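I opened this entry to keep track of what I looked up. The notes follow the order in which I went through the structure.

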Amino acid sequence: MLRLIGRRLLFMVPTLILASMLIFALAEVLPGNVGRSILGIYAPQQAVDNLNHQLGADRPLVVRWGTWAGHFVEGNWGISPVQKVPVRPTVLKALGYSVVLAGFALVVIVPIAILLGVFAGLRRDSVLDRGITISTLSMTVIPEFVSGVVLLWVFAVWLKWLPVTALPPDGSPFYERFYYLILPAIPLMFLELGYIARMARVGTVQVLAMPYIRTAVLKGLPRRRVIFGHVLRNAMVPTVTVIGSQVGWLIGGLVVVETLFAYPGIGQLMVRSAQQHDIPMLEASVLMVAVLYMVANLIADIVVALLNPRIRMGG
Amino acid sequence: MSAVERPANAPEAAPAALDVRDLEVTFHRRGRDLPVLKGVTLRIEQGEAYGLVGESGCGKTTLAMAALRYLAANGTVDAGQVLVGGQDVSKLSEDAVRKWRGEQIAMVYQDPATALSPAMRIGDQVAEVFRYHEGMNKAEALERARESLRRVALPDPDSTLRRYPFELSGGQQQRVVIAMALAVNPHLLVLDEPTTGLDATVEAEILDLIEELRGRINAAILLITHNLGLVRRLCERVGVLYAGRVVEEGPARDIFTDPRHPYTMGLMRCVPRFGMNKTDAALQTIPGTLPALGEPLEGCVYSARCPMVKPVCVRREPDLFAWPGSSGAEGRAAAEAAPADPAAYSPHHANPVGEGPRHARCYFSAEVADMPHATPVLASSLEERGADAGDVLEIGNMSRTFKDGRKRLTAVNEVSLSLRRGETFGLVGESGSGKTTLAKCVTGLIAPDTGTVTFEGKQLKATAGRRSQDALRAIQMVFQNPDSTLNPAWSTRAILTRAVRKLGSGGSVRAKVDKLSADVRVEPRFLMQRPTDLSGGQKQRIAIARAFAGDPTLVVCDEPASALDVSVQASILNLLVELQTKEQVSYVFISHDLAVVRYISDRIGVMYLAELIEVGSAEEVFNPPHHPYTEALLSSIPTLNFDEKRTRIALRGTMPSLSDPPTGCRFHTRCHRILGDICVNQEPPVQEAVSGHTYQCHIPPDELLRLQTAAPAEQPVTSSEA
């Protein structure tokens, strides 16, 4: 088990290096010029060139990547040339916000989705199954900007049950935060519900068809024991993998929801940095999302290994 | 009602272990009603072992599932009763069913690997039975589980308790399943193909175990299998099921020595008898296929495939007449006198007519012994197949090692062999002995680490990708499972067309495809269909046609008929023999079924732990003097011959790991003829029994011959077969 984790961690190193190279290369080929976007369109070309030289933007790509990656590892993420603020605290703070939002949504929705999916799977082709499948699927197909706007209007503007913004005023107690998060988290839950429930249903249906479930039933075990002892553990494997792969997306891909609820998360930060040509900020935030994505997948793999002795002991 | 027909002396006081009366089970699929069991009546007395045979799709497993009240959701019991120990199964409440399963009736399954819960320790799985049936706490239940494992002779029960299913071998897994089934002493044990998929020696061990347990437990047995040898070894009575009908029933010995239904006769004729070879006799096949579920049948359910069918057979369905006796002839006279009514259904159809221990559903039981043989396809002699033209294939000193983590598994170790034109080289050995790896090295699917493959005088490149187009065309492969080797998205014509384009030698592609399908006897209409719409036998025929698309010189067949029913297996083997006679192709034929290998092969090689330990003509390898391992393998096959008194040689222990093979002779850890230190320390020499028949052993041929033809009592490690 430890060897499995160690190997996966080791495996993350080349993945991260490759990801950082890709991110760096892509950010560098974004249209526009660093010096020009800082100095504005009326600055003389000479000044732009000088600034580019000062910033090192005229050196070869590989050299610049090396310098950047080295600094990054040392913890020196640079200063945003556009916002004139240090990159590291800005990115980590935004990332923190996003993790809280995504984490909140997942903690609420994963148990519900699994429960619904397993129920649907256990009563395959019944009215309950159809009902769960159709309703969760229809929630998933509503785009987050539609559900977000509707929810915002109904609960915040019309009924005034929940706040319009996603951030509590400064100085409010910690738990206040979750009250403010309810509204922005719901569109995310909608998106994830159908997906996770579907995987849980498919996993359950597949496991129920396995011969070892027949063995368990014909051993004369009570139904509850069959489900909890034999079905669930094996049925959860695909679901866990899917949840792991959803985490990265939930953290980095929430631009719309964050914008709608004025939530200063990493999605917003990435979009703004791209628009403003704030390369250090963009690179750092994308890389951090990649790191989180990998960590989430690692955790999912560990959970899968815990569920499956074959993987655990083969590791 | 059915009690009326029973012999008067039947003990009414003791209820039968299983009493099935007029059982009708129907599956409902896409709005259609598909009858699977059509009035089945059978009775298993307490402590009796009953074998239910028939090809897949006859309804054997459905009957077992009905007995366990575990039919699929779309299956219904329309009529009849199932009584287990006198208790009507349908009248049990949900709670009672739960207690009843396990305590009254238990089951052992075909594939032990999937029958055990993969993420639960063995101990917990066995202990579960005690916890929920006897209300024990975890510690007590584990203690009882340990006892159960000891009862099925699992080595080291303590460590087995802590293991997961994947850490056990197939034989050990099946022992665990048996231990679990017997945990709380059920009265009826259902064995559904309990040894299919296990190696011959493991199969023999499991059979020994079941036989031995029968002496100690009081459970009746319902054995479901297509393997007649298994039934003959374990069962007192046999029922033959065809298309949902019992067509013959009686004492095992009578049925197997003197079958009285054409289907039973057909089944027995299509299994190669032990010692039979393709040049002596052709395998009989059963023409046609099992009727599809729901297909309307006229008169006798078997009439469409019966070689002795007469008009009266389709006029009215025969009853289950007593044999010997006059009721069959009387029934026929009555059927001829009555108005024709092929669909007539009388209550007699379920229940035996007339007294006596055996019954057959046939008007012409008296004539079954002389049932005409289907047109035999005898193989031509080896010389006629062009064997004089010299060697086609030569493998020189081939080795191949795989890495598994830090371990190095040598799957093929310094194997050399040669193959002549038109010859069939049979490769036998237990799973994991390296047969398939060797085959893959020949076809270039994997590259050997060392050694050469010489084909028609030229040395081939190691991998298929680097071989010439001509070499690729000339060496083809047929795999065990046609389901996974034919592209399910393509029509069979498209599959064959592509093969002809890739491998063919020009000319009209369409004409070649038509010829290929005619050669493998697949009707043209099936060419339009996709593999999923074809039967297993048809799929394998298409796979064979594909291999023959480029007129190959050598075809490697890896268990080509093992997944098929016996009658289909016979027709596939006949097809291979026929193609060989016609095309002078050579085969490397891999199978774990020794009778099949003996039948189809000219020469045979025996592999044990990556080494080829014996090579010789089929006849010589299968007769003494031969390698002690070959001797043990042969002794483990269940046969149909009641008079043959054989001694089964039980191999000690389990197969050693390929990563750490034993020193000296690799077989010494399990050998029943071990001489002593010489076997442990010295690699055995290659001994020549007769010219062309060699084996690796320290015992010289004449000594080995003396030992192996001596009285069984002298053998050191044996268990006699009842």
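The entries below go through chain A, its contact with chain B, and then parts of chain B.

**Entry 1: status of the model.** I am working with a predicted model. I note that local features were taken only where pLDDT is at least 70, and side-chain atom pairs only at pLDDT 80 or more.

**Entry 2: chain A overall.** I looked up the secondary structure of chain A and found 14 helices and zero strands. Read from the N terminus, the elements of chain A are therefore α throughout. I took the extent of the C-alpha trace of chain A along its principal axes, which is about 85 × 55 × 35 Å. Of the 315 residues in chain A, 35% are buried. I also checked the contacts in chain A with a separation of 6 or more: 72% of them join residues 24 or more positions apart.

**Entry 3: a helix pair in chain A.** I looked at helix 12 (residues 266–276) and helix 13 (residues 279–307) of chain A, whose axes come within 9 Å and cross at roughly 145°. The crossing of helix 12 of chain A with helix 13 of chain A is left-handed. From helix 12 of chain A, I listed Ile266(A), Leu269(A), Met270(A), Ser273(A) and Ala274(A) as making the contact. From helix 13 of chain A, the residues are Met281(A), Leu282(A), Ser285(A), Val286(A) and Val289(A). Sorted by class, this contact of helix 12 with helix 13 of chain A has eight nonpolar, two polar and no charged residues.

**Entry 4: where the chains touch.** How many residues does the contact take from chain A and from chain B? I found 19 residues from chain A and 23 residues from chain B. On the side of chain A that touches chain B, helix 9 (211–218), helix 10 (223–252) and helix 14 (309–314) of chain A each supply at least two residues. Helix 9 of chain A gives the most, with six residues. The classes on this side of chain A are ten nonpolar, five polar and four charged residues.

**Entry 5: helix 2 of chain B.** I went next to helix 2 (residues 94–103) of chain B, where Arg98(B), Trp100(B), Arg101(B) and Gly102(B) are buried. I then asked what covers the buried residues of helix 2 of chain B. The cover includes helix 9 of chain A, together with strand 6 (105–108) and helix 4 (122–134) of chain B.

**Entry 6: a four-stranded sheet in chain B.** I traced an open sheet of four strands in chain B, with order 2-1-4-5 and antiparallel pairing. Strand 2 (32–44) and strand 5 (87–88) of chain B are at the edges with a single partner strand each, so one side of each has no neighbour in the sheet. Strand 1 (residues 18–29) and strand 4 (residues 75–84) of chain B run antiparallel and are joined by eight bridges. I noted Val20(B) opposite Val82(B) in strand 4 of chain B.

**Entry 7: strands 14, 17 and 18 of chain B.** I found five bridges between strand 14 (residues 391–404) and strand 17 (residues 450–455) of chain B, which pair in the antiparallel sense. Ser399(B) has Thr450(B) in strand 17 of chain B as its bridge partner. Strand 17 of chain B also pairs with strand 18 (residues 458–459) of chain B, antiparallel, over two bridges. In that pairing Phe455(B) stands opposite Lys458(B) in strand 18 of chain B. Strands 17 and 18 of chain B form a hairpin with two residues between them. Glu456(B) in the turn has a positive phi of about 50°.

Technical notes:
Residues numbered from 1 in each chain as written. Chains lettered and ligands numbered in written order. Contact = placed C-beta atoms within 7 Å. Nonpolar A, V, L, I, M, F, W, Y, C, P; charged D, E, K, R; others polar. Buried ≥ 20, exposed ≤ 12 C-beta atoms within 10 Å, placed from the backbone. Pairing = 2+ DSSP bridges. Axes fitted to C-alpha atoms, helices over the stretch in contact; angles between N-to-C directions. Left-handed = near helix turned anticlockwise from the far one by under 90°.
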